[in-house]
Amino acid sequence: MTSRLLFSGLIAGALLAATPTLAQTKWNLPAAYPIDNPHSENLVAFAKDVEAATSGKLVITVHPNASLFKAPDIKRAVVTGQAQMGELLLSIHENEDPLFGIDVVPFLATSFPQSMKLYQASKPLIEKKLDAQGLKLLFAVPWAPQGVYVNKPLATIEDMKGLKWRAYNVGTARIGDLVGAQSVTIQAAELPQALATGVVNSFMSSGGTGYDSKAWESLKYFYDVQAWIPKDYTFVNKAAFEALDKPTQEAILKAAATAETRGWKAWEEKANWYIDQLKAKGMTVEPPSPPLKAGFEKVGQQLTADWLKKAGADGQAVIDAYKKM
């Protein structure tokens, strides 16, 4: 009798251990920026929210600073299931689809309210394109407006000729071409070394990237051009998401909505802080002179025309919708 009870207890224990509700799912979320960057901080908060909402059933580990996959490889890693989630600057894949570069069309959306409207206008089509690739869009968060870092004063656009220009997407590479600079493709994680070794002596990015890369150690000037506001997109492998139970799916979507709101608020609050930090570190920070601004706007018109030609009817439809908002 005792042995029978013992055997029954062992069976019950084995069944309890195998119960799906007690199983823990572990996911990886590769990202491209340092751990103290607002994007990475937001992802860590998102992961904590999901873990709390699922009582530990789903644990997401954030891998910042391109430590798991380099930025250009993150999207493919999630598509192929090497990682379940990922975050990246979607515009680095503009060669794949012009719509992925909608938020870096120069001077189209240069304030946070404008950037949100552009996001709302473009989101349905971007969601559809990502879905066709096996990805589900969760949320998007902006950077600060883009300016130009350089090692010498710029009076006009012609002063950029011959610069070693860091490019990170189609638009920035094309700027280099149009101003006569030498473009070198470098992602954010490699930028500090590229600056320190003189591989590049100029680039266009936000105050956040300048701060992360300690641009003041190599460059002396930041021109607050406010050319565009790029966004990082966070997405999940659709098959992995659909394999989860409904409560877990709902927990992810709720945490994603919270992360999007939190991320926009963080960047709006911190954009000026980064500019102040650049000044405090000794950089000369100023708006572009009228001739320099006119030069950038001329370059912007060319880039916009190029983008519209590539994006076709879809691109025009998004811009039309944006302008009606």
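**Phe-107**

I started with Phe-107, which sits in the loop between E3 and helix H4 (112-132) of this predicted model. I looked up its backbone and found a positive phi of about 60 degrees, although Phe-107 is not a glycine. Most residues other than glycine have a negative phi, so I flagged the entry. Is Phe-107 buried, exposed or partly exposed? I get a relative accessible area of 29%, and because that lies between the 20% and 50% cut-offs, Phe-107 goes down as partly exposed.

**Ser-55**

I found another positive phi at Ser-55, near 55 degrees, again in a residue other than glycine. I placed Ser-55 in the loop between H2 and strand E2 (58-63). Its relative accessibility is 69%, so I count Ser-55 as exposed.

**Strand E3**

Next I went to E3, which covers residues 85-89. How many of its residues are buried? I noted five of five. I then checked the strand face by face: Met-85, Glu-87 and Leu-89 are on one side, Gly-86 and Leu-88 are on the other, and all of them are buried. I wrote down that a Glu is on that list.

**E10 and its partners**

Which strand does E3 pair with over five bridges? I found E10 (residues 231-237), running antiparallel to E3. I looked up two of the bridge partners in E10: Met-85 goes with Val-236, and Leu-89 goes with Asp-232. I also followed E10 to strand E4 (residues 135-142), where seven bridges join the two strands, again antiparallel. In that pairing I have Leu-135 opposite Asn-237 as its bridge partner. E10 itself is mostly covered, with seven of its seven residues buried.

**Met-85 and the cores**

I came back to Met-85 and listed its contacts, leaving out neighbours within four places in sequence. Among them are Trp-27, Phe-46, Ile-60, Leu-138, Phe-235 and Ile-252. The list also holds Asn-28 and Pro-30, and Val-236, the bridge partner from above, is there too.

I then looked up the largest nonpolar core, which has 85 residues. Which members touch the most other members? I have Trp-27, Phe-46, Ile-60, Met-85 and Ile-252. Helix H10 (residues 290-324) gives the most to this core, with nine residues. I also logged a second, separate core of 15 residues, which includes Ile-186, Leu-191, Val-200 and Phe-222.

**Ala-31**

I found Ala-31 in the loop between strand E1 (25-30) and helix H2 (38-53). Buried or exposed, this loop residue? The relative accessibility of Ala-31 is 0%, so I count it as buried. I listed what Ala-31 touches beyond four places in sequence: Leu-43, His-63, Pro-64, Asn-65, Ala-66, Ser-67, Ile-74 and Glu-87. Glu-87 is one of the buried E3 residues I had already noted. I also took a distance, C-alpha to C-alpha, from Ala-31 to Gly-180: 32 Å in space, with their positions 149 residues apart in sequence.

**Thr-248**

I put Thr-248 in helix H9 (residues 246-280). At 5% relative accessibility it falls under the 20% cut-off, so I count Thr-248 as buried. Which residues does Thr-248 touch, apart from those up to four places away in sequence? I get Thr-54, Lys-57 and Leu-58.

**Whole chain**

I finished with the totals. I count 10 helices and 11 strands in the protein chain. The C-alpha trace spans about 95 × 45 × 30 Å along its principal axes. Of the 325 residues, 50% count as buried. I looked at contacts with a separation of 6 or more, and 76% of them come from residues 24 or more positions apart.

For the surface I have about 14800 Å² accessible, with 54% of it belonging to carbon and sulfur atoms. I tallied charges last: 34 positive and 32 negative side chains, with the centres of the two sets 2 Å apart.

Terms used. Residues are numbered from 1 along each chain as its sequence is written. This is a predicted model: local features need pLDDT of at least 70, side-chain atom pairs count only at pLDDT 80 or more; totals for chains, interfaces and linings use all residues. Side-chain values use heavy atoms; hydrogens and water are left out. Helices (H or I, at least four residues) and strands (E, at least two) are DSSP runs, numbered from the N terminus. Buried means under 20% relative accessible area, exposed over 50%, partly exposed in between (1.4 Å probe, protein chains only). Contact means heavy atoms within 4.5 Å. Accessible areas come from the Shrake-Rupley method with a 1.4 Å probe; for residues, only the protein chains shown count as cover. Lys and Arg count as positive and Asp and Glu as negative; His and the chain ends are not counted. The place of a charge is taken as NZ of Lys, CZ of Arg, CG of Asp or CD of Glu. A nonpolar core is a set of buried Ala, Val, Leu, Ile, Met, Phe, Trp, Tyr and Cys residues joined through side-chain atoms within 4.5 Å. Two strands pair if DSSP finds at least two bridges between them.
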